[in-house]
Amino acid sequence: MGEGLVLAVVEDDDEVRAALHRLLRSMGHEVRVFSSAEEFEADPPAVDCLILDVGLPGMCGPELGRRMQRRGAAIPIVFISGDAGPPRERPAPDEGAPSLAKPFDAEQLEAAIARAVSARRHAP
Amino acid sequence: MKRTEPGDTEPGRDCWVLDLDGRILYIDPAGLALRGSERPEGIVGRLFEDLWPEEHRQAATGAIAQARSGAIGSMQAPLASPAGAGGWWDVTVTPVIGAGGNVAQLLAVSRGSSASRLEQQFLVGQQQVLEMIATGVRLEEVLTCLVQLIERHAAGMLCTVLLLDDDGIHVRHGAAPSLPREFAEAVDGSPIGPRAGSCGTAMYLGQTVVVTDIGSDALWANHRDLAVAQGLRACWSAPILCSQKKVLGSFAMYYRAPRGPSPEELRLIETAARMASIAIEHQRSQEALRRSEERHRATLRALPDLMFVLSADGVFLDYHVRDTSDLLAPPEAFLNKRMHDVLPPALAESFRRAFERTLATNEPERLEYSLEMHGHPRFYEARVVRCDGDKILSIVRDITDQRRAELDAAAHRQELAHLNRVAMLGEISGALAHELSQPLTAVLANAQAARRLLEHDPLDKRELIAALDDVITNDKRAGAIIDRLRTLLRKGDISRKPVNLNDMTREVLDLAHGDLLARGVSTSTRLAAENTLVLGDRVQLQQVVLNLVLNACDAMSSTQPAERRLEVATAVADGFAEVAVSDRGVGIRQDQLALIFEPFVTFREQGLGLGLAISRSIVVAHQGRIVAENNVDRGATFRCFLPLAGGAGAG
């Protein structure tokens, strides 16, 4: 990836959040981190892509995605999740967002971000 | 045997002269006196045979004909004297030869029967009664015959037998062929008591009662009028006692005139009472036997079981079955044949061993087996026991339905257990995946960040160190999760209560019974002293033993059926209880012995490889240990050591 993107990470696990922060920065991106969907919604930054944990306490990741979509704030999203989990926590297929199962590789993450961003760019 | 009383005419001989037709020409004075007559007018000129009771007249005619032909004729007949006492007479008729050498007249000499002759007659009569008893003639007939035998002793004597009801209170009619019917009927059903006539009192007291005059004796107060009205004046009664001295009834002699018994007559009453006792006891034991046989037959009719009687060496002697289609072969195919020639060899051998044991111990032996019947396997349970001395009774019950239900239940249980294990594993792996995914994500992200940071120029050393520190932190976090999980598995919710080691083991074998049977595994147990207690969770410990038992079965799946033997032993040593499960299976490869308790290690085609790992974690959680070893000859043995409840070794 040539240029750095502005990315947001919403992840409740401190260690995972810090690690993703470090990894994405090492890739050359500018990263903002949030520990919950509510925190993100309170002050939504303008970002190129949102890396969103599915199993968040409080509002879950997919719900945050749907609310943003309803508000017209259509930011590309990459879902990350710790397990298969109950079906309701999984992003619906029609949301089209890439989804990664933890633990994932840096390359997988980068490819997912690229896919999400380009899908948005080419969207009508 | 003397049968006359003082005052009677001495029974000498008398002498008669008869013509060839048997007409009386002369009678001597002794004969006249005996017949209560002083003058010969009423007698001379009559036919000799007419003097005798009707049923003996033919004998008299015969004796006369004999004498007429030149030989000596003889006869025996009773004759009552007017005094009431009668007796039997021996009569000989001798021809008197006239001048022409022909028989001219006849000389009849009659003598009172000798004592020995009477005794002999009595013995013959007694024999007859005993024969009637032995041949099962009805009690009433036997008693009637007995009464008549005794009555024959003296003319004018009337005898009765009364029976005591099972209630021990009421009198029942026994035999009284000569007594007025009205009197006998009145006595039937009356209660015994201290003043209940001669018989009722004799039964009440259990001793002989002599009433010489019914007309005045206080014992007869209640029955006096009826007795006197029927012409009964003396009654002597002896209780009929059984061999245990219980009163069964009474034997009595009545006379129509007041009088007491001679010692002779008292002895005779007691002899008669003893014979009546034999008759009654015999009849009662026959009745009991008949009832018992009837019950036996009813039992046989009701029982669905098959029964066989065999000799000790296994020859079929007899059988009972409700429906011959329940038999493996028609009766003619097995009766009088050796079971080794009829049954499958292995089964015949099992029976032979069971016979040996039951003959040695006299205790019933039980064995279970299956047989192909009409093309389908059926399950049977046989109980063999010694009978008729050295024969064997084998009671065989078809337990197919019960066994099928057990097998179904076992299959169901297995299915449940499997689902349970799968569900548990799913849960564990779900929890494991979720918990571990976070640190693993962090480890990977940090490691990959570090890898990238190394390529940055300038090198951000602090960030690199922070990334590596986070790798370490998160790896430790993952380790902690695994530790927690292990602790969870290990500690679970173990209740620690005293568990009876043998009961627990037996329950497991009961649970596995269907599986063992289905897999053709025979089980033997060697158990420690009863009431050996270990401390722990009964269900979890059973899970361990059940797992070992089922593993042992699996290990023997390729073993010859006859060799599929499982041994389960419990023991106590060094403060620990031990449960050992031995199989005759393939054993454990030497290089696998160390690994066999590791999770997800399985040497079988099926199975998750968790059974022994879970078993070990349960045993370890009980502060015990579990080991596996190969047997010297064949198969493997798993031993669980568990701390004894309250024992010093538990600490």
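Which element gives the largest share of the lining of the second largest cavity? The answer is α6(B), with four residues. The legends below describe close-up views of a predicted model.

**View 1. The second largest cavity lies against helices of chain B.** The volume of this cavity is about 110 Å³. Its lining counts 14 residues. Nearest the centre lie B:Leu162, B:Val187, B:Ala196, B:Cys199 and B:Gly200. Two elements of chain B give two or more residues each: α5 (181–187) and α6 (197–205). The largest share, four residues, belongs to α6(B). By class, the lining holds nine nonpolar and five polar residues. It has no charged residue.

**View 2. The largest cavity encloses about 260 Å³.** It is one of three cavities of 30 Å³ or more in the structure. Its lining takes 20 residues. Closest to the centre are B:Phe308, B:Phe316, B:Leu343, B:Tyr369 and B:Leu371. Strands and helices of chain B both contribute. The elements that supply two or more lining residues are β11 (306–310), α10 (339–342), α11 (345–361), β13 (365–373) and β15 (391–398). The lining has 18 nonpolar residues, with one polar and one charged residue besides.

**View 3. The second largest pocket holds about 1300 Å³.** Lining this pocket are 32 residues. B:Glu368, B:Tyr369, B:Leu517, B:Val521 and B:Ser522 lie nearest its centre. B:Tyr369 is also among the residues closest to the centre of the largest cavity. At least two lining residues come from each of α11, β13, α14 (501–518) and β17 (522–526) of chain B. Helix α11(B) gives the most, with seven residues. The elements α11 and β13 also help to line the largest cavity. The pocket lining divides into 15 nonpolar, eight polar and nine charged residues.

**View 4. B:Thr505 sits in helix α14 of chain B.** Is this residue buried or exposed? B:Thr505 is buried, because its relative accessible area is 1%, under the 20% cut-off. Beyond its neighbours up to four places away in sequence, B:Thr505 touches B:Val568 and B:Thr570. Helix α14 is also one of the elements that line the second largest pocket.

**View 5. B:Glu406 belongs to helix α12 of chain B.** This residue is partly exposed, with a relative accessible area of 28%. Its side chain makes a polar contact with the side chain of B:Arg403, at 2.2 Å. How many residues separate B:Glu406 from B:Gly514 in sequence? The two are 108 residues apart in the chain, yet their C-alpha atoms are 5.9 Å apart in space.

**View 6. B:Gln448 in helix α12 meets chain A.** The helix spans residues 400–453 of chain B. B:Glu406, shown in the previous view, lies in this helix too. Which residues of chain A does B:Gln448 touch? They are A:Leu23, A:Phe104, A:Asp105, A:Ala106 and A:Glu107. The side chain of B:Gln448 reaches the backbone nitrogen of A:Ala106 at 2.5 Å. B:Gln448 counts as buried, because its relative accessible area of 14% falls under 20%.

**View 7. Chains A and B bury about 1800 Å² between them.** Of this area, 50% is on carbon and sulfur atoms. Chain A brings 20 residues to the contact, and chain B brings 22. Which residues of chain A lose the most area to chain B? They are A:Glu15, A:Arg22 and A:Ser26. Together these three make up 34% of what the chain A side buries. On the chain B side, B:Gln448 is one of the residues that touch chain A.

**View 8. Chain B as a whole combines 16 helices with 22 strands.** The chain has 651 residues, and 41% of them count as buried. B:Thr505 and B:Gln448 are two buried examples, at 1% and 14% relative accessible area. Among contacts in chain B with a separation of 6 or more, 55% join residues 24 or more positions apart.

Technical notes. Residues numbered from 1 in each chain as written. Chains lettered and ligands numbered in written order. Predicted model: local features only at pLDDT ≥ 70, side-chain atom pairs only at ≥ 80, totals over all residues. Heavy atoms only, no water. Buried < 20%, exposed > 50% of the residue type's maximum accessible area, 1.4 Å probe, protein only. Polar contact = N/O pair within 3.5 Å; in protein donor to acceptor, adjacent residues only side chain to side chain. Contact = heavy atoms within 4.5 Å. 1 Å grid on protein atoms, 1.4 Å probe; cavity = no way out; pocket = protein on both sides within 12 Å on 5 of 7 lines; lining within 4 Å. Points joined across faces, edges and corners; volume = space filled by probe spheres on them. Nonpolar A, V, L, I, M, F, W, Y, C, P; charged D, E, K, R; others polar. Buried area = accessible area lost by both parts, 1.4 Å probe.
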